[in-house]
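This report looks at charged side-chain pairs and at a nonpolar surface patch. Please keep the sequence and the model at hand while reading.

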Amino acid sequence: MTFSIKSLAVSISAVIGVAIALQAIYVAIIGGWDITFGRAWILCGAVVVAILSNSLASHRHQAKSWTNHLPEWLLWTIDITLIAVFIVGTLKFIQIQQLIEETIFQYQTLDIGIALAAVVVLLEATRRLFGLPIVIIAAFGILYCLYGQFLPGFLNHSGFTLNRSMQTIWYSFQGVYGMPMGVVLQVVLIFIVFGVILEGTGASDALIRASVALTGHTRGGPAHSAVVASAIFGSMSGSVTANVVGTGSFTIPMIKRRGFSPAMAGGIEAAASTGGQIVPPVMGAAAFLMADLTGEAYTTICIAALIPALFYYGSLFASISIQAGADGIEPLPASERPPLNRMDLMACLLFIIPIAVIVFVLVIGRSPALAGFWAIVAAILLGALNKKNRENRRVIWEVLKKAGQACAWIIIAVGCIGVILGVFNLTGLGISFASVVAEFSKFSLLAALMTTALAALVLGMGMPTLPAYLIIILVLGPVMQGLGAELLPTHMFVFYFGVLSAITPPVAIGAFAAAPIANAHPFSTAIAAVRLAIVGFIIPFIFVYEPSLLLVGDFNIYSFLRVAISLAVAIWLINTALIGFEREKLSILERAVRGVIGAGLLVQVPSLQYAFILVAILLVAFGTVRFRRKQLNK
């Protein structure tokens with residue numbers, strides 16, 4: 001009986017997951033569903049997938065699990081009851097929405113009880129997928145609605161009953177079923193499906209081989225190949241964990257064999273995989289979400305993201321090269337580099353053509369969702385050329401099942417965010433908090449930026465990047481703009497820190513995914529990743545103060561060149577200072593001087609930057625001359 005229940009649960013989860021993926025493709029072609037039925041039933045399907053694929057019974061044999069003390073039939077009964085409760089909540093939501101359209105409706109105690117139970121089930125599904133942090137925030141939000149009148153200062157409000165709270169959180173389009181859910185269902189899901197299909201057709205394998213062949217002549221070798229592969233694959237997948245596991249299982253062992261420490265190998269992959277979401281044209285579907293929220297064209301978002309992404313990965317390349325030199329690692333011998341044959345070059349088309357299709361469809365003015373659809377068509381047709389895919393008749397089913405599961409994850413995260421946004425809408429907490437931040441930093445944009453960065457890092461530790469970006473930009477975005485920041489730099493700033501939360505301790509989900517592959521301690525891996533990606537934490541501050549770096553708006557070529565040159569020099573100086581090496585080991589004094597000059601170059605005062613650029617050139621020239629003299633004297 002146990003086996004049959006487990007098999008049935010897996011089958012039901014798979015079927016619903018495939019249905020979610022297929023409906024995302026349908027929406028991209030035909031258009032969205034009815035707002036009430038579509039959002040309600042898709043979220044319901046996602047909850048069912050989450051509960052059945054992460055059932056209590058599946059955790060029964062884990063160490064220290066409370067489920068070990070309960071019979072398996074009872075655990076399945078609990079899960080089935082949770083699903084039943086959520087289905088009833090969904091039906092009640094649909095019924096009340098129809099009644100509201102037709103007549104004046106009075107909420108009954110039973111209606112509110114059902115809504116509360118459904119919200120609890122949603123939070124439980126979120127806990128199983130993402131852990132407690134975001135669930136605790138949502139739960140405290142509901143308590144805040146009920147008891148906020150007893151709190152002091154900006155937290156105080158007039159107080160709301162459970163009836164009124166559930167009306168906003170569950171029975172309206174300002175909470176769970178609000179605007180973020182609509183954006184995700186209309187735009188984001190199709191690109192999640194695209195990323196999974198691209199991975200399933202074998203594009204990632206071809207990408208890794210090409211990357212290793214192209215970067216084998218550098219000191220970093222496979223470490224540089226991990227950067228290239230992760231940048232491209234991460235842009236399409238939108239999942240740091242999937243990116244780390246997908247490319248890291250191949251690149252991390254190679255990085256270790258070249259002489260990098262286990263923690264450094266894991267840190268390289270984690271930093272490279274995390275940055276994939278800031279790489280245009282797809283940006284893990286963020287480009288389309290950002291375009292929708294800002295009202296800017298998709299191409300504008302991609303152009304704005306390009307230069308910062310190049311600097312981020314340029315910094316990773318530089319840091320890896322310097323670290324390789326410090327560790328005495330030489331370029332990969334030609335005999336060990338995998339040659340690219342004709343089949344490899346053909347396989348590279350698996351990821352080149354679909355990305356080109358996305359860009360082409362968007363450039364001719366069609367919708368992002370339709371671009372995602374045609375990219376999927378291109379990926380499937382190209383994948384069919386692979387003999388392994390043709391021989392495996394279940395490949396489409398398996399890919400759609402995995403895509404549906406990935407879609408369910410993001411839907412549930414956004415549903416939980418909807419609970420928090422419902423609290424903000426009802427209590428005015430978002431406006432109150434924004435007012436406090438504005439008051440705290442009314443004379444300093446820098447203070448507002450640091451507050452926002454911290455909020456994005458903390459919130460991003462408990463959820464995927466897109467939901468974290470959504471909630472922070474909706475609450476704190478207006479404050480930053482009120483203090484002088486432009487619209488697009490503000491959105492890019494929040495998104496960057498939401499992305500970088502994946503490698504920021506203590507949670508650092510990207511580092512935790514890389515650590516087991518590298519046989520390293522997760523915290524050591526996270527520290528290595530942060531050190532490698534340190535420039536990524538700096539770049540957002542720069543483009544807020546100097547939007548020319550984004551190539552949009554009031555672009556000034558002279559400002560752009562000054563900022564770009566200053567940043568490039570600062571990247572080199574900061575990395576050599578942190579690692580303590582440039583051709584040879586640097587003294588403590590030299591490292592300190594380089595660090596100070598590198599930091600000075602980041603201050604957006606033109607005269608100061610020109611002076612520091614001159615000093616930096618002299619400093620690097622002095623080091624080069626000294627090294628060559630030592631070589632001649634040997």
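Is Asp 111 buried or exposed? With a relative accessible area of 5%, Asp 111 is buried, where buried means under 20% relative accessible area, exposed over 50% and partly exposed in between, calculated with a 1.4 Å probe and protein chains only.

## Basis of the report

The model is predicted, so that local features need pLDDT of at least 70 and side-chain atom pairs count only at pLDDT 80 or more, while totals for chains, interfaces and linings use all residues. Residues are numbered from 1 along each chain as its sequence is written, and side-chain values use heavy atoms, with hydrogens and water left out.

## Salt bridges between helices 3 and 4

Searching the whole structure gives ten salt bridges, each defined as a side-chain nitrogen of Lys or Arg within 4 Å of a carboxyl oxygen of Asp or Glu. One of them joins Asp 111 to Lys 92, with an N to O distance of 3.4 Å. Because Asp 111 belongs to helix 4 and Lys 92 to helix 3, this pair ties together parts that are 19 residues apart in sequence; helices (H or I, at least four residues) and strands (E, at least two) are DSSP runs numbered from the N terminus. Lys 92 is buried as well, at a relative accessible area of 17%.

Another salt bridge is formed by Arg 128 and Asp 79, whose closest N and O atoms are 2.7 Å apart. This pair links distant parts of the chain, with Arg 128 in helix 4 (residues 109-130) and Asp 79 in helix 3 (residues 72-102), 49 residues apart. Both Arg 128 and Asp 79 are buried, and a network of salt bridges links these two residues with Glu 124 and Arg 127.

## A salt bridge from strand 2 to helix 27

Glu 584 and Arg 626 also form a salt bridge, in which the closest N and O atoms lie 3.0 Å apart. Here Glu 584 is in strand 2 (residues 584-585) and Arg 626 in helix 27 (residues 606-633), so the pair links distant parts of the chain, 42 residues apart. Glu 584 counts as buried at 13% relative accessibility, whereas Arg 626 is partly exposed, with a relative accessible area of 22%.

## A nonpolar surface patch

Leu 132, Ile 136, Phe 140, Leu 143, Tyr 147 and Phe 150 form a nonpolar patch on the surface, together offering about 670 Å² of accessible area. Patches consist of residues with over 30% relative accessible area and no salt bridge, like charges being joined within 9 Å and nonpolar side chains (Val, Leu, Ile, Met, Phe, Trp, Tyr) within 5 Å; accessible areas come from the Shrake-Rupley method with a 1.4 Å probe, and for residues only the protein chains shown count as cover. Within this patch, Tyr 147 lies in helix 5 (residues 132-147) and counts as partly exposed at 48% relative accessibility.
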